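Me: Got this one open on my screen. Can we go through the cysteines and then the core?

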Amino acid sequence: FATAYGAGGRVWEDAPLFLETDAFLNYLFHDAEGTPSFKFYSKQEPRKLNKAERLAEIEKWAPIFHQSVTNTRGQRWREQHAGTVQQLLSKDHVDDLTTSEAKQVADCLNCMNSLQLNKHKFLNPMNNTIETIRAAWKQLVHGHGSEEQRMHACHKALRFFGTSSVQELLGWYYPERYPIRNSNSDAGLRFFGYRV
């Protein structure tokens, strides 16, 4: 999807493509007229679109998104969030991560901000100590083994840190390599006919 979107032109050429596609999918879920992807939030089946129809939908919505973000201030916060996550979870710093810094990382996750109670429960030391958070996040972003194994291990180690949080954290740390995945982006992908 990111390749198909990017082929039609970018609004932020210097930003990682996955961060821009996250902004596009978020726009279709929250801000576009009629919020076209919202209705796919709870559906499992995607729209039935062939390749030409999918490209036509991207070509229809991308210019409207580009116009919207060009006219709206503060739309490039995703790059700041990626920078914050990369700095705080760097190999040189993750072992010294403080509780306050763990909150800063959690504040960067879209899914944690949509469910504030989960963020509160996640950061409660009765549920996850800072040592447990450090170890799980270090293994996720710097560990060995497949991404799938590391993601499952992180999800299992941390309470109230769900699959969307795990996937997003990887995407924020490695925005050139992994997309931001959460329920809103999955709804957008189903809107464009992808089975996720």
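Me: Is Cys-111 buried or exposed?

Reply: Buried. The model is predicted, and in it Cys-111 has a relative accessible area of 14%. That falls under the 20% cut-off, so Cys-111 counts as buried.

Me: And Cys-154, buried or exposed?

Reply: Cys-154 is buried, at 1% relative accessibility.

Me: How many disulfides in the whole structure?

Reply: Zero, from a search of the whole structure.

Me: Why is Cys-111 in no disulfide?

Reply: The nearest cysteine sulfur belongs to Cys-154, and it is 11 Å away. A disulfide needs the two sulfurs within 2.5 Å, so this pair does not qualify. Seen from Cys-154, the nearest sulfur is that of Cys-111, again at 11 Å.

Me: OK, core now. How many residues in the largest nonpolar one?

Reply: It has 32 residues. Leu-89, Trp-137, Phe-161 and Leu-169 have the most contacts inside it.

Me: Which elements give two or more residues to it?

Reply: The helices are α4 (77-88), α5 (99-107), α6 (110-114), α7 (116-123), α8 (130-142) and α10 (163-173). The most comes from α8, with six residues.

Me: What is Trp-137 in contact with, leaving aside neighbours within four places in sequence?

Reply: Leu-89, Leu-97, Ala-102, Val-105, Phe-122, Cys-154, Leu-158, Phe-161 and Leu-169. So one of the two cysteines we just discussed, Cys-154, is on the list.

Me: What about a second core? How many residues?

Reply: There is a separate one of 21 residues. Trp-12, Ala-15, Ala-62 and Phe-192 are among them.

Key: Residues numbered from 1 in each chain as written. Predicted model: local features only at pLDDT ≥ 70, side-chain atom pairs only at ≥ 80, totals over all residues. Heavy atoms only, no water. Core = buried A, V, L, I, M, F, W, Y, C linked by side-chain atoms within 4.5 Å. Buried < 20%, exposed > 50% of the residue type's maximum accessible area, 1.4 Å probe, protein only. Helix = DSSP H or I, 4+ residues; strand = E, 2+ residues; numbered from the N terminus. Contact = heavy atoms within 4.5 Å.
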